[in-house]
Amino acid sequence: MNHPILESSGYKYYTLVWAVICTAHVYVLFHSGLVIELALLDGLVHSLLFGTIAPGFWYLIRFVNVDKRDWISLVATHVVASLIAVVFWVTVSRLILTVFLVNRPEYLEFLQSTNLWRMIVGLMYYAVVVLTFYLIHYYLDLREKEDNELALKALLNESELKTLKSQIDPHFIFNSLNSISALTISSPEKAREMVIKLSGFLRYSIGKDSREMNPLGEELQHAQLYLDIEKVRFGEKLKTVYEVEDTCLNVMVPNLILQPLFENAIKYGVYESMGIVTITLSCELANGFLALSISNNFDPESIPQTGEGIGLSNIRKRLQLVYGRNDLLQVVKKEDIFSVILKFPLKELENERS
């Protein structure tokens, strides 16, 4: 924890405070009958000396822990410290003034007669400085704890994001490896094509940070690798249509956010249907959002699925962690069309990009 005066810009305010105290000191002495020259020198010496030693009190409070509730030790420590500091202050100030004003016996007599009052004022200075330092200490300590909590929360969110990703990626990889294994016998060329596509997919996926943002166009290229792999297996049964405005391609979105949606469309559309399934991706910029929709037709007579499934549930959680909102994913099911709509707030996207 840095010193609030010596290791920051606080010295400016600290100097201003002691300038005010010095002015008040001079004012009181002058109106007590002391000539202005003597009052000014007295005020400067006493204020400058106490202002010089006061920052050292900070190191004292750093080692006197109030949280331990040992009030006797706390009070005893500050009583002893205050007496040492005040006696030192009064003694050294008097020696300095005696050197400069050795030929002013009337002032030296006045200085001697006001020792008690100066001790009382010194104790007041000590109390105010120490109390201020304690307040600063607890403020800085509270802010440090809040920063640590925010950092810990960010780490937890990051860990949860990675966990969510790890639940999605292996599912696709295992399915692809099983398909490659089957194709090595029935269609070696298709198996080779799938291996090449899968290696490209994994090169993109591995090493990506869960919080990284990529242009939508780049994410679409990566998603196309996944679809190409699936087309090797399903052939003409799987078709894809892109309805993407050019203005959408450079908008930043969370990485690897699309592949689980395509996986979901194939799992509940292509697998369950005997006919051709068309997966359509469309997006537009509207009302401060990048609105992206992935829809597919499905067989209405297939067994209906309840709930969102792990893929959509994980995407919803990931969007909530990244953007702090839980209203960015919508599922729409009409007749034989199943659609998933994602909304990415453009303001947050611009902040992430900057």
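User: Which residues does Phe262 touch, not counting residues up to four places away in sequence?

Analyst: This is a predicted model, in which local features need pLDDT of at least 70, side-chain atom pairs count only at pLDDT 80 or more, and totals for chains, interfaces and linings use all residues. Residues are numbered from 1 along each chain as its sequence is written, and side-chain values use heavy atoms, with hydrogens and water left out. Contact here means heavy atoms within 4.5 Å. On that basis, the residues touched by Phe262 are Ala223, Tyr226, Leu227, Tyr242, Ile279, Leu281 and Ile294.

User: Which members of the largest nonpolar core touch the most other members?

Analyst: A nonpolar core is a set of buried Ala, Val, Leu, Ile, Met, Phe, Trp, Tyr and Cys residues joined through side-chain atoms within 4.5 Å. Buried means under 20% relative accessible area, exposed over 50%, and partly exposed in between, using a 1.4 Å probe and protein chains only. Among the 46 residues of the largest core, those touching the most other members are Leu216, Leu258, Phe262, Leu319, Leu342 and Phe344.

User: Which helix gives the largest share of this core?

Analyst: Helices are DSSP runs (H or I, at least four residues), numbered from the N terminus. With 8 residues, the largest share comes from helix 8 (residues 216–234).

User: How many residues does the other core, which includes Trp58, hold?

Analyst: This core lies apart from the largest one. Its members include Leu49, Ala54, Trp58 and Leu140, and its residue count is 22.

User: What is the geometry of the aromatic pair formed by Phe50 and Tyr125?

Analyst: Rings of Phe, Tyr and Trp (its six-membered ring) pair if their centres lie within 6.5 Å; planes under 30 degrees apart count as stacked, over 60 as edge-to-face and the rest as tilted. The structure holds 12 such pairs. For Phe50 and Tyr125, the centres are 5.2 Å apart and the planes meet at 70 degrees, which is edge-to-face.

User: How many residues apart are Phe50 and Tyr125?

Analyst: Both Phe50 and Tyr125 are buried. Phe50 lies in helix 2 (residues 36–53) and Tyr125 in helix 6 (residues 115–186), so the pair links distant parts of the chain. Their separation in sequence is 75 residues.

User: Why is the pair of Tyr107 and Phe110 classed as tilted?

Analyst: Tyr107 and Phe110 are 3 residues apart in helix 5 (residues 105–113), and are therefore separated by about one helical turn. Tyr107 is buried at 1% relative accessible area, whereas Phe110 is partly exposed at 23%. The ring centres are 6.3 Å apart and the pair is tilted because its planes lie at 40 degrees.

User: Is Asp228, the salt-bridge partner of Lys197, buried or exposed?

Analyst: A salt bridge is a side-chain nitrogen of Lys or Arg within 4 Å of a carboxyl oxygen of Asp or Glu, and Lys197 and Asp228 meet in one at 3.3 Å, N to O. The two residues are 31 apart, with Lys197 in helix 7 (residues 188–205) and Asp228 in helix 8. Lys197 is partly exposed at 23%. Asp228 has a relative accessible area of 19% and is therefore buried.

User: Which helix gives the most residues to the nonpolar surface patch?

Analyst: Patches are made of residues with over 30% relative accessible area and no salt bridge, with like charges joined within 9 Å and nonpolar side chains (Val, Leu, Ile, Met, Phe, Trp, Tyr) within 5 Å. Val75, Val79, Leu83 and Leu123 make a nonpolar patch of about 320 Å², by the Shrake-Rupley method with a 1.4 Å probe. Val79 is partly exposed at 41%. The helix giving the most, with 3 residues, is helix 4 (residues 71–100).
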